[in-house]
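Visitor: I am new to this structure and would like to take a close look at a single part of it. Could you walk me through that part slowly, and then show me what else is worth seeing around it?

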Amino acid sequence: MSTTPFGSEQPTYSQPPAANTMPTMPTAPTMPTGPAATTASVITDDEKTAIRQGVFGALAYVSQADPGFFATFVESAAGAKALSAAPAAVQQLLSGGLVLPEASSAAEFRAQAIPRLQAAVQLADAKDPAAGAALRQVVLQAVEAVAAASKGVSANEQQAIAAIRAALG
């Protein structure tokens, strides 16, 4: 090993790399097909993002129905706990991290939340009807957990859940 001017060690090689050779790029993993394919294997990253936006937006929609600074943290934790208990097919649909709403105001967010949830469920149904049905159930459980997490379920939260329930069909 040799030392760089900054004190970190660099490996030394007994032979230089061959001239005129390009490093090879790893190949992308292939996705399974046929009966062994999972829900996540037949859905694109953009589609998963749309599903996450719809689901996370539904949780935020209920939380925003009865706002409170500390309540937001308690409700977020309740929603996360409910989603983490979801069946594997739903967890695959929701994998990929948090997505934030693409709205410039609270009113715009409220106007987008239900249509995005409907689109998310329709997309899940189109890819795998069983996963779509499971997603509906998980969303209902999660929004109910969010509503109940801080001081019980308010009338505004009941209205938000009713709108979500109607959107889920």
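**A close look at helix 1**

Guide: At 1.5 Å a residue, the 21 residues of helix 1 (residues 45–65) should span 30 Å, and the end C-alpha atoms of helix 1 are indeed 30 Å apart, which agrees. Please keep in mind that this is a predicted model. Of the 21 residues of helix 1, 15 are buried, so helix 1 is largely enclosed by the rest of the structure.

From there we can turn to helix 2, which covers residues 69–84 and holds Phe73. Phe73 counts as exposed, because its relative accessibility is 53% and exposed means over 50%. Together with Phe69 and Phe70, Phe73 makes a nonpolar surface patch of about 420 Å².

Next comes the loop between helix 5 and helix 6, where Ser150 is found. Ser150 has a relative accessible area of 12% and is therefore buried, and, leaving aside residues up to four places away in sequence, Ser150 touches Ala71, Val74 and Glu75. Lys151 also lies in this loop, which runs between helix 5 (129–148) and helix 6 (155–168). With a relative accessibility of 86%, however, Lys151 counts as exposed. The backbone of Lys151 deserves a look as well, since Lys151 has a positive phi of about 65° although Lys151 is not a glycine.

Terms used:
Residues are numbered from 1 along each chain as its sequence is written. This is a predicted model: local features need pLDDT of at least 70, side-chain atom pairs count only at pLDDT 80 or more; totals for chains, interfaces and linings use all residues. Side-chain values use heavy atoms; hydrogens and water are left out. Helices (H or I, at least four residues) and strands (E, at least two) are DSSP runs, numbered from the N terminus. The expected span of a helix is 1.5 Å times one less than its number of residues. Buried means under 20% relative accessible area, exposed over 50%, partly exposed in between (1.4 Å probe, protein chains only). Patches are made of residues with over 30% relative accessible area and no salt bridge: like charges are joined within 9 Å, nonpolar side chains (Val, Leu, Ile, Met, Phe, Trp, Tyr) within 5 Å. Accessible areas come from the Shrake-Rupley method with a 1.4 Å probe; for residues, only the protein chains shown count as cover. A salt bridge is a side-chain nitrogen of Lys or Arg within 4 Å of a carboxyl oxygen of Asp or Glu. Contact means heavy atoms within 4.5 Å.
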